[in-house]
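This report describes selected features of one protein model. Please examine the sequence and the structure below before reading on.

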Amino acid sequence: IIPNQDFYGELPLAITAYDNSVYSEPYYEILSVLPVNDVPEIIIPLDDINIEEDSEPISVDLNGPDASPYFVDIDGDVLEFSVIVSYGNIFDYSLEGSSLEIVPMINMFGSDTLEIKGVDPLGAFVVDTVVVNIAPVNDIPIVATPFEDINVDEDSEPILFSLLGDETNPYFYDVDGDEISYEAYASSTDIFNLMLLDNVLQ
């Protein structure tokens, strides 16, 4: 007797004997097929997540749509989800029930891996692996150390200073590590002139 896949319950049997001429009276028996806990299954793997650096958080329902769920338990058990992140250095996450939120870290990009585990009440589980790709975007340079106001006497010698600042206190900073080029403009040339050469302002 080979029970059908995933079937359990009672099967009524009628057993007869045959001696090549006549059949015996039937003997009735009940065959009980006992249930076992089935491991949850991944029906549709989650797609990899592709977002841009500094983008808004995104939410994913780990149950998936009703018509095409990601995880299924053939026993009808409700699954509990957990998440493991490989490195955890480009995004944060929160998980409440089946709602997963991915929060990109500021100015971070690259790829990391999520292992999403669906566990049934008896501890049987299945794991889906999802790659989170965060694409870099160009960040605007920032003023790291504001310039102090310049006060000079009339007819004094020209003043020279580097727009680079120094290693510990640069005036400008680019978080992407890009080289910065400079331009300088005066709102009026009635009282002074500007000249910029090799990042040195005069």
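Which residue stands opposite Ser99 in S9? The residue is Asp61. The sections below place this pair in its surroundings.

## Confidence of the model

The structure is a predicted model. The protein has an average pLDDT of 89, and 100% of the residues score at least 70. Confidence is highest in strand S11 (residues 125-135), with a mean of 97, and lowest in strand S16 (residues 200-201), with a mean of 80.

## Strand S9 and its partners

Strand S9 pairs with strand S5 (residues 58-61) through 4 bridges, and the two run antiparallel. S9 also pairs with S8, again in the antiparallel sense, over 6 bridges. Within this second pairing, Glu96 has Ser99 in S9 as its bridge partner. S8 and S9 form a hairpin with 2 residues between the strands, where Gly97 adopts a positive phi near 65°.

In a regular strand, side chains alternate between the two faces of the sheet. S9 shows such an alternation: Leu100, Ile102 and Pro104 point to one face and are buried. Ser99, Glu101 and Val103 point to the other face and are not buried.

## Ser98 in the connecting loop

Ser98 belongs to the loop between strand S8 (91-96) and strand S9 (99-104). Is Ser98 buried or exposed? Its relative accessible area is 18%, so Ser98 counts as buried, the cut-off being under 20%.

The side chain of Ser98 makes a polar contact of 3.0 Å with the side chain of Asn63. When residues up to four places away in sequence are set aside, Ser98 touches Val60, Asp61, Leu62, Asn63 and Phe81.

## Aromatic rings

The model contains 5 aromatic pairs. In one of them, the ring centres of Phe71 and Phe81 are 5.2 Å apart and the planes stand at 65°; the pair is therefore edge-to-face, a class that requires an angle over 60 degrees. Phe71 lies in strand S6 (residues 71-72) and Phe81 in strand S7 (residues 80-85), so this pair ties together parts that are 10 residues apart in sequence. Phe71 counts as buried because its relative accessibility is 7%, and Phe81 counts as buried because its value is 9%.

Ring pairs also link Phe147, Tyr171, Phe172 and Tyr182 into a cluster. A further arrangement involves a charge and a ring: the charged end of Lys117 sits over the ring of Phe125, at 4.4 Å from the ring centre.

## Leu13 in strand S1

Leu13 is part of strand S1 (residues 9-15). Its relative accessibility is 26%, which means that Leu13 counts as partly exposed. Apart from neighbours within four places in sequence, Leu13 is in contact with Ile1, Tyr27, Tyr28, Glu29 and Leu31. Between Leu13 and Pro26 there are 9.3 Å in space, C-alpha to C-alpha, and the two are 13 residues apart in sequence.

## A three-stranded open sheet

Strands of a sheet pair through backbone hydrogen bonds, either parallel or antiparallel. In one open sheet of this model, 3 strands follow the order S13-S16-S15, with antiparallel pairing. Strand S13 (161-162) and strand S15 (196-197) are the edge strands, each pairing on one side only.

How many bridges join S13 to S16? There are 2 bridges between these antiparallel strands. Ser162 has Val200 in S16 as its bridge partner.

Terms used: Residues are numbered from 1 along each chain as its sequence is written. Side-chain values use heavy atoms; hydrogens and water are left out. pLDDT is the predictor's confidence in each residue, from 0 to 100. Two strands pair if DSSP finds at least two bridges between them. Buried means under 20% relative accessible area, exposed over 50%, partly exposed in between (1.4 Å probe, protein chains only). Contact means heavy atoms within 4.5 Å. Rings of Phe, Tyr and Trp (its six-membered ring) pair if their centres lie within 6.5 Å; planes under 30 degrees apart count as stacked, over 60 as edge-to-face and the rest as tilted. A charge sits over a ring if NZ of Lys or CZ of Arg is within 6 Å of the ring centre and within 35 degrees of the ring normal. A polar contact is a pair of N or O atoms within 3.5 Å; within protein, one must be able to donate a hydrogen and the other to accept it, and residues adjacent in sequence count only if both atoms are side-chain atoms.
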